[in-house]
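Work through these exercises with the structure open beside you. Try each task before you read its solution.

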Amino acid sequence: MSNIPRRWKKYLIFLWGIYSIPFLVLSLMFILLGKGKLGYVPTFEDLENPKNNLASEVYSADSVLLGPFYLENRTYVDFDDLSLNLVNALIATEDIRFHRHSGVDARGTARMLVKSVLLRQDAGGGSTITQQLAKNLYPRDTTYYSWKIRRYLKLGVSKFKEWNTSVKLERNYTKNEILVMYLNTVSFGHNTYGIKTACDVFFDTSSDSVTVEQAAVLVGLLKAPTRYSPVKNPGRSRSRRNIVLGQMLKYEFLTEEEFDSLSILPIELNYRVQDHNVGLATYLRQYLAKIMSKDKPERREYFMFSQYEKDSIQWAENPLFGWTHKNLKPDGSPYNIYRDGLRIYTTIDSKLQQYAEESVVEHLAGNLQEAFYLEKEGSPAAPFSEDLEKEQIERLIKRSTRNSERYRRLRNAGVSMDSIERSFNTPVEMIVFSWEGEKDTIMSPLDSIIWYKYFLRAAIMAMDPKTGYVRAYVGGPNFKYFKYDPITMGGRQAGSIFKPFLYTLAMQEGASPCDKVINVPQTFIDRDSIWQPRSSKRYLGMRVTLRFGLAHSINNISAWLVKQYPPQAIVDDVIKKMGVRSFIMPVNSIIYGTSDVTLYEMVGAYSTYANKGVYIEPIFVTRIEDKNGNLLSTFQARQSEAISEKTAYLMVDLLKGVVDGGTATYRIRTVYEIEAEMGGKTGTTQNHSDGWYMGITPNLVAGVWVGGDDRSIHFDQMSLGQGANMALPIYGLFMQKVYADSTRGVTVLDKFEKPPNFNLILDCPDDISGVTNTFDYELWEEDFKMP
């Protein structure tokens, strides 16, 4: 070295310095990464438990997926659940050297740098599947810098962190585990994450049954989910699919013959929108999401004490209420139904749910809605009642406007009232609901509020009276457009479906269905006023049995019962014990059912009759599991004896009289031709704002409510607005479908069991019920008008 000139020594030192810079930079990068100076880098512990937003899935009792709760619609699968076609297509397209590198492919990276940087050619990405997984699990910093050099530096740091993470992943997981983790994390567009969801959404198939051409479409989507979407861009998707097939041919996953035959095939989709607004039991899923995520009630967070009291009772007694806060994960944090991949198994029977949803649509769309339009045609008050003044209608519309999401959003943004009013009166493009399908139209938001007021709402709930399992739950005609759920969210007046409670106390106190009462008006003295309930003049002055009085919903007979048994006793000894928790005013007008109750409460109460006097609380969920299938919670219905078995059987007999010779006879037995043993009760409220029907069979109890968005929206004619016309047809259609399906455990041969040693005669030989057989039309209730 002494013979080398000094200037060559300087050159050598300089060259070695240049040569060592990358090693020094790498060493510095490792030091900075270890100290966390370059941002977050996952530890080995983090990699053992990677965090992703996993959709929770809601299943029916017969193991049908009702729908997910999600922020990202993703569900995991195992490697054994993957079709080999998916594996081959992915490796051929994204990383053919996947099984020969350790997370970072030096050859691929060098090829990408040479072709992309030096030759300015498109060489594709140099990232391996493992690197892409690292990027999906731990996304890059998306901060944008205007200085180009800084952007390149940030990209370089991000790449280095991904290399570091990729090597750790390869040390922690097998190749198969990495591959399935990648497919579980990637986005396929259309709010679809993970291969399992993608197979279901695009092809209605499972990940282990995907064909080669389907696998090629899905893998092709990974490059650009929107650009190559088979839904939005089928031409581009097909071209991209064929590129994937070409890669599979190149690497000998396909033969020439297979490639030739597959590449000419069109893309055959079975696309199913994945959305909270679609699928079975949408209203129930909304209810579960809301109730399971409830916080522990705090008085300061409630405007009304009654609601705070109600929720406090629910928190204490209902294990599903606030479940995510009552049950903590192993790390002590609460569960999140939108992130933690829970499996929620409900009591719903998917077929009965389908039948219930179909029945609501068939009656509303095929009959009732058109009748409502025709009656309101030409009315200046439409869709409101003709009894309302113009000022009253304006107040109702103004209240609906202020309850709208648009109004709340504008107010929260600080928009002035004048501007809000202009906004509501300015026509805009929008899509609105109609029974003929969604309509693209132009109307003002104010007009859209009135548009939706025209649509009648309906709800049906059915349960097994022996187990408490809710088998069908339909809260409205279309969840996307009508979110309000009258089954559990709020109450309406009950009308005549309250009358059986009066008869229940009478039976409990020793009366018999064959006991006779003179059908004459009853007079009540309430404080300083004299009140006489209105009643039908049909059969006036005749001695009729209690069975006949309930069958024809005669107010005079109900009023006579109230005189025998005070309202407070009816509330305390019957109504509360049968599960009705809404406040019921203990007044003489209880015969009209003027207090608000929910359909949930009424179905539970009527189930007491079919369950031999034992009230069993309706429940919606049987068990909850975590993402790995570990059992977290189980649920059982609470039950208590509400009335005696004898009383329950007597009430069954009375309710059977409604179907066999009363207000439900014509439609149940003639129109819907149902011959099974069943009981029921029609109900119509003041001004026929609400129509109800409650039906009981030995193995299924169901209730139906129909009405307008506001109580002032209703039919003006009693013939159309009565419960027998508004609600009963939904029950009839539903039970027709149920009885036609022999696999659901509900048959026309089911019979109510008589209690042991029961020896009362229930034939009532001198009953006048037979007179109804001379009429070929429905005998209307006239309990809809307050004095």
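**Exercise 1. An enclosed helix**

How many of the ten residues of helix α9 (residues 212–221) are buried?

Solution. Keep in mind that this is a predicted model.

Step 1. Take the cut-off: a residue is buried when its relative accessible area is under 20%.

Step 2. List the residues that pass. They are V212, Q214, A215, A216, V217, L218, V219, G220 and L221.

Step 3. Draw the conclusion. Nine of the ten residues of α9 are buried, so the helix is largely enclosed by the rest of the structure.

Step 4. Find what encloses α9. Its buried residues pack against α3 (84–94), β3 (187–189), α8 (195–203), α10 (234–250) and α11 (256–263).

**Exercise 2. Two partners of α9**

Find how α3 and α10 are placed relative to each other, parallel or perpendicular.

Solution.

Step 1. Read the geometry. The axes of α3 and α10 lie 8 Å apart, and the packing angle is about 90°.

Step 2. Apply the cut-off. Angles of 65 to 115 degrees count as roughly perpendicular. The two helices, α3 and α10, are therefore roughly perpendicular to each other.

Step 3. Name the residues that touch. From α3 come N85, N88, A89, A92, T93 and E94; from α10 come R240, V244, Q247 and M248.

Step 4. Sort the residues of this contact by class. Four are nonpolar, four are polar and two are charged.

**Exercise 3. A second helix pair**

At roughly what angle do helix α20 (residues 499–508) and helix α23 (residues 567–575) cross?

Solution.

Step 1. Check the approach and the angle. The axes of α20 and α23 come within 10 Å and cross at roughly 85°.

Step 2. Classify the angle. It makes α20 roughly perpendicular to α23.

Step 3. List the contact. On the α20 side are F501, L502, T504 and L505; on the α23 side are A569, I570, D573, V574 and I575.

Step 4. Sort by class. The contact of α20 with α23 has seven nonpolar residues, one polar and one charged.

**Exercise 4. A link across the sequence**

Which cysteines form a disulfide, and where in the chain do they lie?

Solution.

Step 1. Search the whole structure. One disulfide turns up.

Step 2. Identify the pair. C514 and C764 are joined, with their sulfur atoms 1.8 Å apart.

Step 3. Check the cut-off. The sulfur atoms of a disulfide lie within 2.5 Å.

Step 4. Read the twist. The angle about the S-S bond of C514 and C764 is -90°, and the link is left-handed.

Step 5. Place both ends. C514 sits in the loop between α20 and β11 (516–518), and C764 in the segment after α29 (728–740), so the pair ties together parts that are 250 residues apart in sequence.

Step 6. Check the cover of one end. C764 has 4% relative accessibility and counts as buried.

**Exercise 5. Two loop residues**

Which of these is buried and which is partly exposed: L320 or G541?

Solution.

Step 1. Locate L320. It lies in the loop between α13 (305–317) and α14 (323–326).

Step 2. Judge L320. Its relative accessible area is 6%, so it is buried.

Step 3. Look at what surrounds L320. Beyond its neighbours within four places in sequence, L320 is in contact with L288, I291, M292, V621, I624 and F635. Take I291: it is 29 residues from L320 in sequence, and 7.0 Å in space, C-alpha to C-alpha.

Step 4. Locate G541. This residue is in the loop between β13 (529–531) and β14 (543–545).

Step 5. Judge G541. With a relative accessible area of 47%, G541 is partly exposed.

Step 6. List the contacts of G541. Beyond four places in sequence, they are I518, N519 and V520. V520 is 21 residues from G541 in sequence and 5.5 Å away in space, C-alpha to C-alpha.

**Exercise 6. The whole chain**

What share of the residues of the chain counts as buried?

Solution.

Step 1. Take stock of the elements. The chain has 29 helices and 22 strands.

Step 2. State the share. Of its 787 residues, 52% count as buried.

Step 3. Turn to contacts with a separation of 6 or more. Residues 24 or more positions apart account for 70% of them.

Step 4. Finish with the surface. The accessible surface of the chain is about 38,000 Å², and 52% of that surface belongs to carbon and sulfur atoms.

Notes
Residues are numbered from 1 along each chain as its sequence is written. This is a predicted model: local features need pLDDT of at least 70, side-chain atom pairs count only at pLDDT 80 or more; totals for chains, interfaces and linings use all residues. Side-chain values use heavy atoms; hydrogens and water are left out. Axes are lines fitted to C-alpha atoms, for helices over the stretch in contact, and angles run from 0 to 180 degrees between N-to-C directions. Helices (H or I, at least four residues) and strands (E, at least two) are DSSP runs, numbered from the N terminus. Angles under 35 degrees count as roughly parallel, over 145 as roughly antiparallel, 65 to 115 as roughly perpendicular and the rest as oblique. Contact means heavy atoms within 4.5 Å. Ala, Val, Leu, Ile, Met, Phe, Trp, Tyr, Cys and Pro count as nonpolar, Asp, Glu, Lys and Arg as charged, and the others, Gly among them, as polar. Buried means under 20% relative accessible area, exposed over 50%, partly exposed in between (1.4 Å probe, protein chains only). Accessible areas come from the Shrake-Rupley method with a 1.4 Å probe; for residues, only the protein chains shown count as cover.
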